Amino acid sequence: MKHPSFPPTATRTRRGPAHPPLGQGQHAGVSECSKARPPMAIGDVAGRILRSGRNGSSLGVPCVCRVICTCTVQVRRESSMSELADNGRAGISRPRTEMVITSDRQIVPSAQAPAAARNGFVGREPELCRLAELLSGETRLITLLGSSGVGKTWLAAEAIRRLETTRSVSATWVHLSRLPAGSAADAVEAEFTGAVLEEESDSAASDWDAAIAALRRPNPARSKQHRILVVENCEHVIAGAGRVITALLREVPELTVLATSCEPIGWIDEQWLAVPPLTPDQALLLFQEGAAMVSHPVSGSAETMMARQICRRVHHQPLFVRIAAARLRHQPIAAVSRELSGTAADRRLRWSRWPRVGVEPRHQRIGDAIAWSYDLCDDRERELLQRMSVFASGCDVNPEAKTTRSGGGADLDAIQRVCGNDPLDDSDDLQADEFEAILGRLADRALISVWITADNVYYYLSESVRLFASAQLRATPFGQAKASRLIERHRRYYRDCLLRGRGDWSGPAEQKILAWVRPAWPNILDAMDGTGMDAITAAVDVELAAELFPLPALFVNGPVGPLRRRFEQAIANPAVRIGRMPEDLIKAMSMVAWLAICQGARDIADPIIERCVAEAGVSAPADWRQRPEADLDLPAAIELVWGCELLMLDGNVHAASVLARAREKYRRAGDEIGASISELFEVAAMTQAEPDRALESARRLYTRASASGASHGAALAAVVLTAASTDCGQFDEALEIGRDALAFFVACDDRWDAMWAIQQRIWTLVGMVADRRGSRSEIAARATEAARLQGGLRTFRKRLGVETGNMRPLVEQNRRVTEVLRETLGDADYAAAVEQGALLRPEAGELQRLALGTLSIESMSPSHPARQYMPSNWEDLTMAEEKIALLAAAGWTNTAIAERRGSSFKTVNAQMASIFQKLMINSRDDIIGLVPEQHMDVVRAESGRQPRRHNERASA
């Protein structure tokens, strides 16, 4: 098979390699690099040496050819599959080939390479399984689809390598990236014939006929051979590639074509396979390896968290993760994290090129990778993409990550209304009725992503593409003015939608607004985060704040501080008072106070409430705060926020009276939303002084909310009922109802209310522990779960910007919880359980799933930080199981282990199953993380003794 490498720098004939290959086991030495040539030239030479070596493997990547350089400057070649045109390196744990920068000329024997350097492909298992199924079946054309740098070519190469270990396969690679964009079919044909005909032919037949004959010709050494043609980077020559591929499929019936492209080829029976980004854990592993390669390994929990944030900012895209990791060669990880702000100050598009050699220029910078597809767009496609940069970015999610998408982007209606024809621009002829077709073409080019829900379609840009498109927009003539008008249209669109939809809460139509507000919420926040705060912007923000209060906080999925500060800035603008009713300002200020209370920020909430009272024109006595039982004729919004402060920050028993007044005032004004929210907090306040009455009221509230069809209101009522049931010792009812409420919040990605549902579950579990319900093991299990949830909730609150130190009732309740759990578990086990929970990631839904019982820490990967506080149970393995586990950790297959030990394959399979069960793991890749340090020398030694696969032996 012709290996998938870039063409050498030297001139290459139409057929055959430009440089002779290195033989098996040969080494090349390049010494005194800095004296002989500049580092770029040395890198090119070394890259060609590494590319030209062959060992007959299906990957065509030399596993034994190494280049050892001695120089005073750093020579960097993209490791492993860097010569692949797509260069995603999706899920690689270590390089397969090495360029060793050393001060001497010692040749390191290849047997000393670690196991992962030969078999280190991490992740992509679902895609590999599906691809193996397709390649082994009757499918003729398979196209791997994804954006530039996502790892399409590496996935293709790994799939073929695995396929060659089980059946007779002959694969040929055709690289189209070297062709100019728009090249015709004859140029694609020349690349195809040059790839197939590696040696000059004496035949008088045309190149095309000779190549077809070569594909049809059976291999006498193999009884049955499956021919696969891998055609990579088709998107820029899609028409020519489509015609050549169609002709090939017609001429060679036994041929399978595996293509990589940003957009489909367009053949009638083409099978698409989308390549998603990495999971967060896989991206972290890739970043850590990249950091180690530049001699700045990531260490400690703080750096690991920053590494995760960096990976998320570059949306777990393999190429972008590696480029970000390479930044560590010149600056600390915190500085790299700061450069990825997602705002106009973001620097990712200005990062220097890296690596310098071994990859195509389009894979050296993030902006270049995006420009590869952008340059293929026509003017109208570019124009719409630029305008869409006004919307909040989204992020594709790998199905393996088991996380939900949380908004971003916009539906067709929003895009048409915000990005449609600009009435202030006479030259603007981009019509809204064109948008759907243009969006489809942009999606085909992998510049935008599509999120299809049960009843709508959302289009979104990744953060990197959004920044790129925004920069392109502002670089156009009058681009700054265009961007400003788009921001204003965007802001007003979402304000108007909120105004229209507010009346749908607390009724059957709630689901409709709920389905809209969740994906729209990032755009609402984005609109409020525009640059500057002029009078018009402030007025719009005040209207938004007034309309949002007192809606449930289901759409607040991040820290509330930035939102609160934005509203504070708006109400502080004197211009917002002009022509505005005092009621709007009071409601907007009440929203600010409410957000401050949720944060536990009394120092912010108290002055805002005082300003609300002054704005209302109420003649309140100086000590009005000490008289909550007295009706001072305050507006309903002030009564509600004051009652919440008394309940959440003070634990004052009179909070229920204040909230009851708020309920009645809202009801008299015909505001059912305000009345419902007030009643929720009123019943919650009753539990402090009248638990029996609170339970009865909570049941009525829950029944009424469920009957109204307001599912979110019913879930909130369920949380209140859970609290009342717990206080009355009705623990079973509390657990059942509370779990249903939490499941609802998780399903609609409502992290804020999920936080309070988890808090309530902790209190219920601790109530059962204190009451000694169940056997000793059941009590210990409940206490352990509660402690883990307690630790996880601390992390959750920190992420949401909630400070509980000023919430007196919560502080007292948590103190009692801690006392009960410490007494039950003991100090050491309690501390370990809390730490385990604190290491869970609520943004990935781990804490929520733990509370729902759908995730256990014991079943998580040993590489997860939460597992480090658990024993590995390695001592439970028998002597035979331990030896097998060490071989598996070293990369040995079950077949090879059976041959080594003289056992049957069935016996080894059964022993591996026992190892999995005892170590509480789901994959053999997890074993290495549990091997005790004293056995690591055995693993390293055995990794170099692995028997080579059959196809490797045959080629030696």
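## Overview

Two residues are in contact when heavy atoms lie within 4.5 Å. In the protein chain of this predicted model, take the contacts between residues at least 6 apart in sequence: 74% of them join residues at least 24 apart.

The protein chain has 956 residues, and 56% of them are buried. It holds 39 helices and 11 strands. The exposed area is about 39,400 Å². Carbon and sulfur atoms supply 52% of that area.

## Two nonpolar cores

The largest nonpolar core has 180 residues. Which of them touch the most other members? They are F287, F391, I415 and W594. Helix α22, residues 582-599, gives this core its largest share, 12 residues. There is also a second, separate core of 31 residues. Among its members are L141, V196, A247 and V252.

F287 shows what such packing looks like in detail. Set aside its neighbours within four places in sequence. F287 is then in contact with V298, A307, I310, C311, V321, A324, A325, L328 and I333.

## Helix α27 and its surroundings

Helix α27 covers residues 691-708, 18 residues in total. How far apart should its ends be at 1.5 Å a residue? The expected span is 26 Å, and the end C-alpha atoms are 25 Å apart, which agrees. Just after α27 comes G709, with a positive phi of about 85°.

The buried residues of α27 are A694, L695, S697, A698, L701 and A705. An α-helix has 3.6 residues a turn, so residues three or four places apart point the same way. Several steps in the list fit that spacing, including A694 to A698 and L701 to A705. What do the buried residues of α27 pack against? Their partners are α26 (672-686) and α28 (711-727).

## H712 and A743

H712 lies in helix α28. Is H712 buried or exposed? Its relative accessible area is 0%, so H712 is buried. Its side chain makes a polar contact with the side chain of D750, at 2.9 Å.

A743 is found in helix α29, residues 731-747. Its relative accessibility is 29%. Buried means under 20% and exposed means over 50%, so A743 counts as partly exposed. A743 also has a distant sequence partner in L852, 109 residues away along the chain. In space, the two are 7.0 Å apart, C-alpha to C-alpha.

## A three-stranded sheet

Three strands form an open sheet in the order β9-β11-β10. The pairing is antiparallel. Why is one side of β9 and of β10 left without a neighbour in the sheet? β9 (410-411) and β10 stand at the edges, each with a single partner strand, so one side of each has no neighbour there.

Strand β10 covers residues 449-452, and strand β11 covers residues 457-460. The two pair over four bridges. One of the residues involved is S449, whose bridge partner in β11 is Y460. A hairpin of four residues joins β10 to β11. Strands of a sheet pair through backbone hydrogen bonds, either parallel or antiparallel. For β10 and β11, the sense is antiparallel.

Notes. Residues numbered from 1 in each chain as written. Predicted model: local features only at pLDDT ≥ 70, side-chain atom pairs only at ≥ 80, totals over all residues. Heavy atoms only, no water. Buried < 20%, exposed > 50% of the residue type's maximum accessible area, 1.4 Å probe, protein only. Areas by Shrake-Rupley, 256 points an atom, 1.4 Å probe, with all protein chains shown as cover. Expected span 1.5 Å × (residues − 1). Core = buried A, V, L, I, M, F, W, Y, C linked by side-chain atoms within 4.5 Å. Pairing = 2+ DSSP bridges. Polar contact = N/O pair within 3.5 Å; in protein donor to acceptor, adjacent residues only side chain to side chain.
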